[in-house]
Structure formats: structure tokens, C-alpha cells
Amino acid sequence: MLRPNKTKWLIWLLFVTLLSSSKTFAEDSTGEFISSLYTNVTTINSSNISELDKLQHMTKLIEENIDFQKVVSFVLGRNISKLSPEELQAFTEGYKKITSLKYAKLMTKKLKYYKILREEDLGNQRHLVQTVLQEKLESSSVPLRVDYLVTVEDRKYKILDIIVSGSISMAMADREEIDTFLQDNTPKGLLAIVKTRPYNEA
């Protein structure tokens with residue numbers, strides 16, 4: 001995955017619009033929204049079920065809290081016009097599975113302990129929630145910085161991007177990867193990858 005430069009990050013922020021979610025919290029509480037998400041994650045991690053069941057529950061949880069329609073529009077960018085409506089629908093479903101599984105694996109492995117560092121109001125009802133995850137409480141356990149770009153409308157929240165290590169935008173990295181791929185390949189080739197990758201990476 002590539003590191004987006006500052007200009008591209010600003011473009012992504014400008015691209016963000018208001019979205020809806022199934023979760024509702026008090027006004028100006030994106031930190032509470034993420035905290036509630038983490039609470040659900042730790043509940044799954046500590047439950048007495050198989051690792052496969054944990055991953056499946058985690059994947060569903062992540063899927064419910066990201067607006068994939070908007071994220072897909074961003075990661076495809078200008079390439080969206082190359083896809084037919086049927087291809088776009090197929091890509092969206094495949095991308096949703098890939099991304100949810102990727103984040104679910106991260107949460108299953110890394111999130112045993114967490115701390116919300118701060119909440120930053122970016123304006124236009126956009127917020128950045130900065131957090132750290134740890135596998136153990138020991139000092140030898142290296143914390144992982146994971147930030148969330150969140151939008152809110154009518155006290156409803158949705159995640160638009162996850163930024164790892166303070167600078168790696170997952171949505172921007174996917175956008176760059178897809179754009180590079182489509183320079184030399186067809187949308188059908190992209191769909192083939194999207195359909196098979198979740199199973200290859202499971």
C-alpha cells in the first residue's frame with residue numbers, strides 16, 4: 001500500500017460529504033462512537049467462540065459501520081465511468097468483503113486494549129478520532145496508531161477512512177492501487193481480483 005502525500009489527503013477530505021449510519025450517539029461524540037465500536041470488538045474477541053466465528057462477527061461489525069457506497073466512489077475516482085452499473089455493483093460487493101475482512105483481521109489480532117487519544121473537529125461535520133491499539137499491556141507491546149475519519153449527520157455516524165500509523169490512509173492507498181491497475185488492465189480484470197482476493201487472503 002502506498003503512503004498518500006499531504007495534497008492527496010486534503011483532496012480526500014474535501015471529497016467527504018455527509019453520510020448516515022445505524023449507530024446513534026449524543027451530539028459531538030464521535031469519540032464515543034468509536035469507543036462503542038471498540039467495546040463491541042473487545043466483546044467479540046473475549047467471547048467463547050471459534051476464531052473463525054470471531055472473524056465473521058467482526059467482519060459484519062466493520063461492514064455495518066463503514067459507508068461503502070461513498071468509499072467505493074472515492075477509491076474508483078474517475079475510473080468509475082469505465083464500469084457498467086452491473087460491474088459497479090459487483091465491484092462494490094467484492095470491495096466490501098475485502099475491506100471488511102482486512103479490518104476485521106486487524107481488530108481480531110491487535111485490539112486487546114485501546115485508548116482514544118483525542119478528537120479533532122475538521123469542520124463541515126467531519127471528525128478525526130485518534131486511537132492506539134495494543135495486544136498486551138506490557139511495555140514491550142508496541143502500540144499501533146489507528147485513526148478514523150468520521151462524518152455525522154443528525155447525530156448519526158459513519159466511518160469513511162481508517163488511517164494507520166498516523167499517515168497511511170487506507171482509502172487513498174486503495175485508490176492509488178486501483179488507478180495504477182486500470183492503466184494497463186480492464187474493469188473485468190479488476191472484478192476478477194475483487195472476487196477472488198477475500199478467499200485468497202482468508
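Rings of Phe, Tyr and Trp (its six-membered ring) pair if their centres lie within 6.5 Å; planes under 30 degrees apart count as stacked, over 60 as edge-to-face and the rest as tilted. This is a predicted model, in which local features need pLDDT of at least 70, side-chain atom pairs count only at pLDDT 80 or more, and totals for chains, interfaces and linings use all residues. Residues are numbered from 1 along each chain as its sequence is written, and side-chain values use heavy atoms, with hydrogens and water left out.

**Exercise 1. State the confidence of the model and locate its weak parts.**

Step 1. pLDDT is the predictor's confidence in each residue, from 0 to 100. The protein chain averages 81, and 80% of the residues score at least 70.

Step 2. Elements are DSSP runs numbered from the N terminus: helices (H or I) have at least four residues and strands (E) at least two. The lowest mean pLDDT among the elements, 40, belongs to strand 1 (residues 23-24), and the highest, 94, to helix 6 (residues 170-184).

Step 3. Residues 1-7 have a pLDDT below 50, and this stretch has 15 contacts in the model beyond near neighbours in sequence. A contact means heavy atoms within 4.5 Å. Residues 9-27 are also below 50 in pLDDT, with 62 contacts beyond near neighbours in sequence.

**Exercise 2. Describe the overall makeup of the protein chain.**

Step 1. The protein chain holds seven helices and six strands. Read from the N terminus, the order of elements is α-β-α-α-α-α-β-β-β-β-β-α-α.

Step 2. Of the 202 residues, 45% are buried. The classes are buried (under 20% relative accessible area), exposed (over 50%) and partly exposed (in between), with a 1.4 Å probe and protein chains only.

Step 3. About 10,800 Å² of the protein chain is exposed, and carbon and sulfur atoms supply 51% of it. Contacts between residues at least 6 apart in sequence join residues at least 24 apart in 62% of cases.

**Exercise 3. Find the aromatic pairs and classify two of them.**

Step 1. Searching the whole structure gives five aromatic pairs.

Step 2. For Tyr-38 and Tyr-114 the ring centres are 4.7 Å apart and the planes stand at 55°, so this pair is tilted. Tyr-38 is in helix 2 (residues 30-46) and Tyr-114 in strand 2 (residues 113-123), so the pair ties together parts 76 residues apart in sequence. Tyr-38 is buried at 0% relative accessibility, whereas Tyr-114 is partly exposed at 29% relative accessible area.

Step 3. For Phe-68 and Tyr-95 the centres are 6.4 Å apart and the planes at 80°, so this pair is edge-to-face. Phe-68 belongs to helix 4 (residues 68-76) and Tyr-95 to helix 5 (residues 85-110), so the pair ties together parts 27 residues apart in sequence. Both residues, Phe-68 and Tyr-95, are buried.

Step 4. Which residues do ring pairs link into a cluster? They are Tyr-38, Tyr-114 and Tyr-148.

**Exercise 4. Trace the pairing of strands 2, 3 and 4.**

Step 1. Strands pair if DSSP finds at least two bridges between them. Strand 2 and strand 3 run antiparallel and are joined by nine bridges. Tyr-114 has Leu-133 in strand 3 as its bridge partner, and Asp-121 stands opposite His-127 in strand 3.

Step 2. The two strands, strand 2 and strand 3, form a hairpin with two residues between them, and Asn-124 in the turn has a positive phi of about 55°.

Step 3. Strand 3 pairs with strand 4 (residues 144-153) over eight bridges in the antiparallel sense. The bridge partner of His-127 in strand 4 is Val-150.

Step 4. Is strand 3 (residues 126-134) largely enclosed or largely open? Eight of its nine residues are buried, so strand 3 is largely enclosed by the rest of the structure.

**Exercise 5. Place Val-72 and Gln-183 in the fold.**

Step 1. Val-72 lies in helix 4 and counts as buried at 2% relative accessibility. Leaving aside neighbours within four places in sequence, Val-72 contacts Leu-88, Phe-91, Thr-92 and Tyr-95.

Step 2. Val-72 and Asp-174 are 102 residues apart in sequence, and their C-alpha to C-alpha distance is 9.6 Å.

Step 3. Gln-183 is in helix 6 and counts as exposed at 54% relative accessibility. Gln-183 and Asn-79 are 104 residues apart in sequence and 9.6 Å apart in space, C-alpha to C-alpha.

Technical notes:
Accessible areas come from the Shrake-Rupley method with a 1.4 Å probe; for residues, only the protein chains shown count as cover.
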